[in-house]
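Me: Could you take a close look at the salt bridges in this one for me? I'd like to know which parts of the chain they tie together and how buried the partners are.

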Amino acid sequence: MELEYIEHISPILKDGVKNYLIDIDGTITDDVPNEEPERMVTCEPYPDALETINRWYDDGHLICFFTSRTENLKQITIDWLDKHGFKYHSVLCGKPRGGNYHWIDNHLVKATRYKGKFTDLIEKQVTIEVFKD
């Protein structure tokens, strides 16, 4: 991973590299709640998600699975990702449950809601809420 460093400022990715934070349950596989970990072992990946994510990885983008699964389910999650051939850089557990996220960060954040089909991203104009200048 190539980062640009400026003294006393967080590093930024090189131009053209995206840092994908991808949910698991209901996004790359069936929506499995934390209360049913046995299903996390047997669920199948969505083929279009596997293909697209691995292509993004091969294209040099960063892949981080950011899930509401709890830390005690992390190894089950890693084993499942590896078993099904997902390419990734990291797995973060403990994303808040319930959705309706509004991410506030000092870096540019783009969000895409999964609606049943995992494809390459396209440009589209939308209205968003931002801080007043």
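Reply: Sure. One cut-off before we start: a residue counts as buried when its relative accessible area is under 20%, exposed when over 50%, and partly exposed in between. Bear in mind that this is a predicted model.

There are eight salt bridges in the structure. Let's begin with Asp25 and Arg69, whose closest N and O atoms sit 2.8 Å apart. These two link distant parts of the chain, 44 residues apart: Asp25 lies in the loop between strand S3 (19-22) and helix H1 (37-42), and Arg69 in the loop between strand S4 (62-66) and helix H3 (74-83). Asp25 has a relative accessible area of 11%, so it counts as buried. Arg69 comes out at 0%, so buried is the word there too.

Next up, Glu35 pairs with Arg97, with 3.0 Å from N to O. Again distant parts of the chain are linked, with Glu35 in the loop between S3 and H1 and Arg97 in the segment after strand S5 (90-92), 62 residues apart. Glu35 is exposed, at 53% relative accessibility.

Then there's Arg55 with Asp120, a salt bridge at 2.8 Å, N to O. Here helix H2 (residues 47-58), which holds Arg55, is linked to the segment after S5, where Asp120 sits, 65 residues apart. And this pair has company: salt bridges with shared partners join Glu51, Arg55 and Asp120 into one network. As for accessibility, Arg55 is partly exposed at 30%, and Asp120 is partly exposed at 41%.

Note on methods:
Residues are numbered from 1 along each chain as its sequence is written. This is a predicted model: local features need pLDDT of at least 70, side-chain atom pairs count only at pLDDT 80 or more; totals for chains, interfaces and linings use all residues. Side-chain values use heavy atoms; hydrogens and water are left out. A salt bridge is a side-chain nitrogen of Lys or Arg within 4 Å of a carboxyl oxygen of Asp or Glu. Helices (H or I, at least four residues) and strands (E, at least two) are DSSP runs, numbered from the N terminus. Buried means under 20% relative accessible area, exposed over 50%, partly exposed in between (1.4 Å probe, protein chains only).
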